[in-house]
Amino acid sequence: MRKKMKWILAVAAIILNVLGWYSKSFCDWYVQYVFPLLGKTYGRLTSVLPFSVGEAMIAIGAFLLFMAGIMIFFYTFGKKKKRVMAGNYLRGFTWIFIIVCLVMTLNCSLLYHVSTLEETYLAGKGKYGDEELWKLRDYIVLQLNDLSLKMERDSNGDLTYDGNMGEQARIEMSKLGMEFQRLKGHYPNPKGIYFSDFLSQQYMMGYYFPFAMEATYNQTMYVVNVPYTMCHELAHVKGFIYEDEANFFGYLACVQSEEPFFRYSGYMGVINYIEKDFKNTIRNEEELKVHPAIHPLVKRDDIFLKAEDWKRIEEKKLFDTKTINEISNSFTETTLVLNGVSDGMKSYHRVVQLLLAYYDGVLY
């Protein structure tokens with residue numbers, strides 16, 4: 001019976017993946033009616049624990065995988081007693097592997113095949129050119145410039161925030177549920193990654209752990225990045241797995257907040273995407289002068305890590321940062337492409353098009 005159940009779960013994972021790739025309507029039904037139930041049950045359970053369950057699972061998984069390699073060696077070359085021991089371990093490992101595949105399918109893979117935000121909430125919007133991009137960019141720059149002068153700072157000029165960011169992020173995301181149906185309901189507590197320094201070497205601000213349904217964030221990064229990242233990862237928890245869509249909701253949740261620090265973080269979260277497109281449309285210095293310049297304080301705050309944190313990480317690192325970053329980028333790129341996101345990590349940048357559509361009728 002146990003053996004049958006194992007293969008039933010394996011076949012179920014395969015069938016669900018096939019359905020995911022070939023039936024968008026099934027995925028839309030799943031993310032609307034089934035996925036929220038997992039968040040209300042399994043997601044609530046893991047959110048009770050004060051540490052990142054997903055991070056712990058990765059550590060345990062790496063150890064189990066290492067042991068599986070050793071057991072394969074024993075099973076192939078060892079004596080009878082060791083072969084029996086190895087066989088028992090590998091059968092147990094197969095159970096774990098199949099369950100992980102099924103959970104990843106339910107909490108991640110299927111979400112890559114739902115209807116996009118542009119096809120649902122923002123359907124019917126037009127195409128946008130330089131004029132619209134310029135108005136969007138100038139609006140965000142002016143907001144940043146104004147807010148940068150109002151931020152609380154320490155004696156070194158670094159930003160500070162005294163409130164409960166995690167709780168505030170949950171509040172802001174809940175508000176978006178009034179405008180976007182799938183964002184309604186319970187949100188787990190965003191959790192700080194214990195190995196945030198290692199995450200920093202990957203230039204990662206946060207992570208959604210599908211097998212724990214957790215929104216996590218980098219505790220080492222500069223504080224201005226935290227609210228936007230929390231809201232971004234919480235959007236993933238609600239089934240918005242595409243990075244541009246999570247960026248979009250991270251932005252909206254923050255800029256609609258009554259908290260100035262959250263608004264500053266939201267505008268800061270997208271400015272580099274917009275600024276890159278903006279600069280590609282500017283042909284000379286005269287054209288550039290027509291648009292508001294980014295305030296020096298904004299440029300100062302627009303960092304991933306403070307210099308002293310980078311210095312500490314580089315002094316204590318176990319692995320070369322450049323190598324870790326390249327491996328991380330390759331893994332992320334491959335994961336996105338294998339899940340049907342053809343432009344890989346460039347998909348983050350599509351948030352600009354979502355913002356242009358959102359502000360249609362507001363700024364232009």
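## Aromatic pairs

In this predicted model, phenylalanine 209 is buried, with a relative accessibility of 4%. Phenylalanine 209 is one member of an aromatic pair; a search of the whole structure finds 26 such pairs. The partner of phenylalanine 209 is phenylalanine 211: the ring centres are 6.0 Å apart and the planes meet at 35°, so the pair is classed as tilted. Phenylalanine 211 is buried as well, at a relative accessible area of 19%; the value falls under the 20% limit that defines a buried residue.

A second pair is formed by tyrosine 251 and tyrosine 359. Their ring centres lie 6.5 Å apart and their planes stand at 80°, so this pair is edge-to-face. Tyrosine 251 belongs to helix α9, whereas tyrosine 359 is found in the segment after α15 (351-358), so the pair ties together parts that are 108 residues apart in sequence. Tyrosine 251 is buried at 0% relative accessibility, and tyrosine 359 is buried at 7%. Both tyrosines also belong to a cluster linked by ring pairs, which joins Tyr121, Tyr139, Phe180, Phe240, Phe248, Phe249, Tyr251, Tyr267, Tyr358 and Tyr359.

## Packing of helices α9 and α10

Two packed helices are described by the angle between their axes and the distance between the axes. Helix α9 covers residues 243-255 and helix α10 residues 260-281; the two pack at an angle of about 145°, and their axes are 7 Å apart. The crossing of α9 past α10 is left-handed.

On the α9 side, the contact is made by Asn247, Tyr251, Cys254 and Val255. On the α10 side, the residues are Phe262, Arg263, Gly266, Tyr267, Val270 and Tyr273. Sorted by class, this contact comprises 7 nonpolar, 2 polar and 1 charged residues. Tyr251 and Tyr267, which take part in this contact, are also members of the aromatic cluster.

## Packing of helices α5 and α10

Helix α10 also packs with helix α5 (residues 130-148), at an angle of about 145° and with the axes 8 Å apart. Here too the crossing is left-handed, with α5 passing α10.

From α5, the contact draws on Asp130, Leu133, Trp134, Leu136, Arg137, Tyr139, Ile140, Val141, Gln143, Leu144, Leu147 and Ser148. From α10, it draws on Pro260, Arg263, Tyr264, Tyr267, Met268, Val270, Ile271, Ile274, Glu275, Asp277, Phe278 and Thr281. The residues of this contact divide into 16 nonpolar, 3 polar and 5 charged. Arg263, Tyr267 and Val270 of α10 appear in the contact with α5 and in the contact with α9. Tyr139 of α5, which takes part in the contact with α10, is likewise found in the aromatic cluster.

## Salt bridges

Side chains of opposite charge can pair when their charged atoms come close. The structure holds 19 salt bridges. One of them joins arginine 312 to aspartate 197, with the closest N and O atoms 2.5 Å apart. Arginine 312 lies in helix α13 (residues 307-316) and aspartate 197 in helix α7 (residues 196-201), so this salt bridge ties together parts that are 115 residues apart in sequence. Arginine 312 is partly exposed, at 27% relative accessibility, and aspartate 197 is partly exposed at 27%.

Arginine 283 and glutamate 287 form another salt bridge, in which the closest N and O atoms are 2.5 Å apart. Arginine 283 is exposed, at 72% relative accessibility, whereas glutamate 287 is buried, at 17%. A further salt bridge connects aspartate 343 with arginine 350, the closest N and O atoms being 2.4 Å apart. Aspartate 343 counts as partly exposed at 25%, and arginine 350 as partly exposed at 30%. Elsewhere, Asp158, Arg300, Lys306 and Glu308 are joined into one network by salt bridges that share partners.

## Valine 34 and leucine 106

Valine 34 is located in helix α2, which covers residues 24-48. With a relative accessible area of 24%, valine 34 is partly exposed. Valine 34 and leucine 106 are separated by 72 residues in sequence, and their C-alpha atoms are 9.2 Å apart in space.

Notes:
Residues are numbered from 1 along each chain as its sequence is written. This is a predicted model: local features need pLDDT of at least 70, side-chain atom pairs count only at pLDDT 80 or more; totals for chains, interfaces and linings use all residues. Side-chain values use heavy atoms; hydrogens and water are left out. A salt bridge is a side-chain nitrogen of Lys or Arg within 4 Å of a carboxyl oxygen of Asp or Glu. Helices (H or I, at least four residues) and strands (E, at least two) are DSSP runs, numbered from the N terminus. Buried means under 20% relative accessible area, exposed over 50%, partly exposed in between (1.4 Å probe, protein chains only). Axes are lines fitted to C-alpha atoms, for helices over the stretch in contact, and angles run from 0 to 180 degrees between N-to-C directions. A crossing is left-handed if the near helix is turned anticlockwise from the far one by less than a right angle, and right-handed if clockwise. Contact means heavy atoms within 4.5 Å. Ala, Val, Leu, Ile, Met, Phe, Trp, Tyr, Cys and Pro count as nonpolar, Asp, Glu, Lys and Arg as charged, and the others, Gly among them, as polar. Rings of Phe, Tyr and Trp (its six-membered ring) pair if their centres lie within 6.5 Å; planes under 30 degrees apart count as stacked, over 60 as edge-to-face and the rest as tilted.
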